[in-house]
Amino acid sequence: MRFATWNVNSVKARLPRLLEWLRDTAPDVVCLQETKVPDDAFPAEVADLGYETAHYGQGRWNGVAVLSRIGLAGVRRGFPGEPGYPDPEARAISAECGGIRFTSIYVPNGRTPDDPHYTYKLEWLTALRVALAADIAAGPAVLAGDFNVAPTDDDVWDPRVLIRSTHVTPPERAALAAFREVGLTDIVGRPLKGDRPFTYWDYRAGMFHQNQGMRIDLVYGTADIAAAVKDAVVDREARKGKGPSDHAPIVVDLDWPAT
DNA sequence: ATGACCCCTCTAAGGGGA
């Protein structure tokens, strides 16, 4: 089985590239983030490629989805106890595909460490971890998406640039560690170029071309999933060329029956 | 060359991203 996660930064703006990438990569399951469309505007072309879609859209911001060509059941939008800003936002959706519970998440940005949005981010991560405990205990599970946290200083191109910024603070990193402490493993993608598996590069100032990126898109899996990983790759090819997302997909191959 | 922000919409003296 092949699955992937990708923050597409607008499914509408990315549609030609998404369709091409789906044809070329042929994943069985895909977690998408930042679709930025309401449910009734999710592009039908994805279904034409053989994917069932569970989408939790909100309109101009956020929006997450799970696509599957191996079955899709038990869809849940959001999670119990999910905080809002002030109302709950479209940041989490989960579905069972091929016997695995996939959860696609778009973690709040946090803006700056002294902003209420930062508190919201930490509370959201804690509430998600609590809500996910039942899934982790129940069977094979994957939590994938844009976590908006770089787990270590090695996951940013230059930690000095990000002093007093979000994404690297100890409380954010502690929130990630808490997911690992309840039984999830960080499945790190292999970089196709360079020595670090960055997944995001700012559009500005040629940062992609200088490989000034961050690893903020993550794949967390239960022990049975982690043990079945044959390969995991950051598809930086998807970040090249005309009209890319600012995030690259992570593609994971499992020794797992894709049925 | 991978090539120097881009997405949305209340189309800006904007909001948000990270």
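## Two cavities and a DNA strand

This structure, a predicted model, holds 2 cavities of 30 Å³ or more. A cavity here is a set of points on a 1 Å grid over the protein atoms alone where a 1.4 Å probe fits but cannot get out, and lining residues have an atom within 4 Å of a point. Local features need pLDDT of at least 70, side-chain atom pairs count only at pLDDT 80 or more, and totals for linings use all residues. Residues are numbered from 1 along each chain, and hydrogens and water are left out of side-chain values.

**The cavities**

- The largest cavity has about 50 Å³ of space, the volume being what probe spheres set on the points fill.
- Its lining includes Pro191, Phe198, Trp201 and Arg236.
- The second largest cavity comes in at about 40 Å³, with Arg101, Leu132 and Asp135 among its lining residues.
- β8 (141–146) is one of the elements that supply at least two residues to that second lining, and β8 gives the most, with 3 residues.

**Around DNA strand B**

- Of the 29 residues around DNA strand B (a heavy atom within 4 Å), Arg111, His167, Lys193, Ala205 and Phe208 come nearest.
- Sugar and phosphate make up 69% of the strand B atoms that come within 4 Å of the protein.
- Tyr106 has a polar side-chain atom 3.0 Å from a phosphate oxygen of DNA strand B, and for Asn148 that distance is 3.1 Å.
- His209 places a side-chain N or O atom 3.0 Å from a sugar or linking oxygen of DNA strand B.

How values were computed: Chains lettered and ligands numbered in written order. 1 Å grid on protein atoms, 1.4 Å probe; cavity = no way out; pocket = protein on both sides within 12 Å on 5 of 7 lines; lining within 4 Å. Helix = DSSP H or I, 4+ residues; strand = E, 2+ residues; numbered from the N terminus. Polar contact = N/O pair within 3.5 Å; in protein donor to acceptor, adjacent residues only side chain to side chain.
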